[in-house]
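Colleague: Could you take one helix of this protein and walk me through it closely, with its surroundings? I would like to see how that part sits in the whole.

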Amino acid sequence: MKALPKVVGPLLLLCLIWGDVNARIIPLADYPSLRSVGSGVLTWWGIRVYKATLYAPQGEYRPNMPHALEIVYRMDISRERLAKTSLKQIEKIRGHALADRDAVLDKFKAVFCDVSAGDAIVGVHLPGEGARFYCRKDYLGRIDDPELAAAFFNIWLSPVTAKPRLRAVLLGQGQ
């Protein structure tokens with residue numbers, strides 16, 4: 001059997017890398033005006049949990065305009081854990097528990113997926129309408145509650161977020 005030319009290995013690697021990158025951003029193809037505003041890494045006790053990137057029209061974030069948040073995870077996390085953590089952060093920002101906690105958890109579990117290292121969830125916020133969610137290349141579903149959708153994105157974008165440094169780099173202020 002003849003050995004494959006030396007160029008095949010690097011080309012195959014390039015295709016795999018290119019395919020992975022495109023797999024993460026395909027949901028954004030439906031929103032061609034969205035450009036990266038900023039990105040940063042969330043760490044917890046020195047462990048990198050995920051890299052987040054904010055996209056907005058022409059790369060300029062305005063809360064009342066459509067925007068997207070891509071989160072590329074560096075570890076395995078269940079959809080249950082993602083839903084519970086999201087709810088906890090929303091309640092922390094609001095300063096009180098939500099009355100409809102179980103319904104909110106169900107909505108989040110419906111639009112999240114179990115993630116492994118390298119997987120991405122993309123949330124597209126459509127202010128006044130709600131949000132759409134994608135995992136890998138798959139459409140997961142939407143939240144048609146504009147207030148809940150805004151509260152979800154405020155986990156990262158609110159001035160009172162638990163992670164102000166991450167917010168600053170997402171908004172392009174700390175780069």
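Modeller: Gladly; here is a close look at helix α2, starting from the whole chain. Please keep in mind that this is a predicted model, in which local features need pLDDT of at least 70 and side-chain atom pairs count only at pLDDT 80 or more, while totals for chains, interfaces and linings use all residues. Residues are numbered from 1 along each chain as its sequence is written, and side-chain values use heavy atoms, leaving out hydrogens and water.

The protein has five helices and six strands, taken as DSSP runs numbered from the N terminus (helices are H or I, at least four residues; strands are E, at least two). Their order from the N terminus is α-β-β-β-α-α-β-β-β-α-α. Of the 175 residues, 39% count as buried, meaning under 20% relative accessible area, with exposed over 50% and partly exposed in between (1.4 Å probe, protein chains only). Among contacts (heavy atoms within 4.5 Å) between residues at least 6 apart in sequence, 54% join residues at least 24 apart.

Now to the helix itself. α2 covers residues 79-94, 16 in number, and spans 23 Å from first C-alpha to last, close to the 22 Å expected at 1.5 Å a residue; that expected span is 1.5 Å times one less than the number of residues. Its buried residues are L82, A83, S86, L87, Q89, I90 and E91. An α-helix has 3.6 residues a turn, so residues three or four places apart point the same way. The cover over the buried residues of α2 includes two strands, β3 (67-73) and β4 (120-126), along with the helices α3 (101-111) and α4 (146-157).

R79 also belongs to α2, but this residue counts as partly exposed, at 33% relative accessibility. Leaving aside residues up to four places away in sequence, R79 touches K109, F112, C113 and D114. With K109 the sequence separation is 30 residues, yet the C-alpha atoms are 5.9 Å apart. Beyond the other end of the helix, G95 comes just after α2 and takes a positive phi of about 85 degrees.

For contrast, look at the hairpin formed by β1 and β2, with two residues between them. Strand β1 (residues 34-44) runs antiparallel to β2 and is joined to it by 10 bridges; DSSP must find at least two bridges for strands to pair. One such pairing sets S39 against T53 in β2. In the turn, W45 has a positive phi of about 55 degrees.
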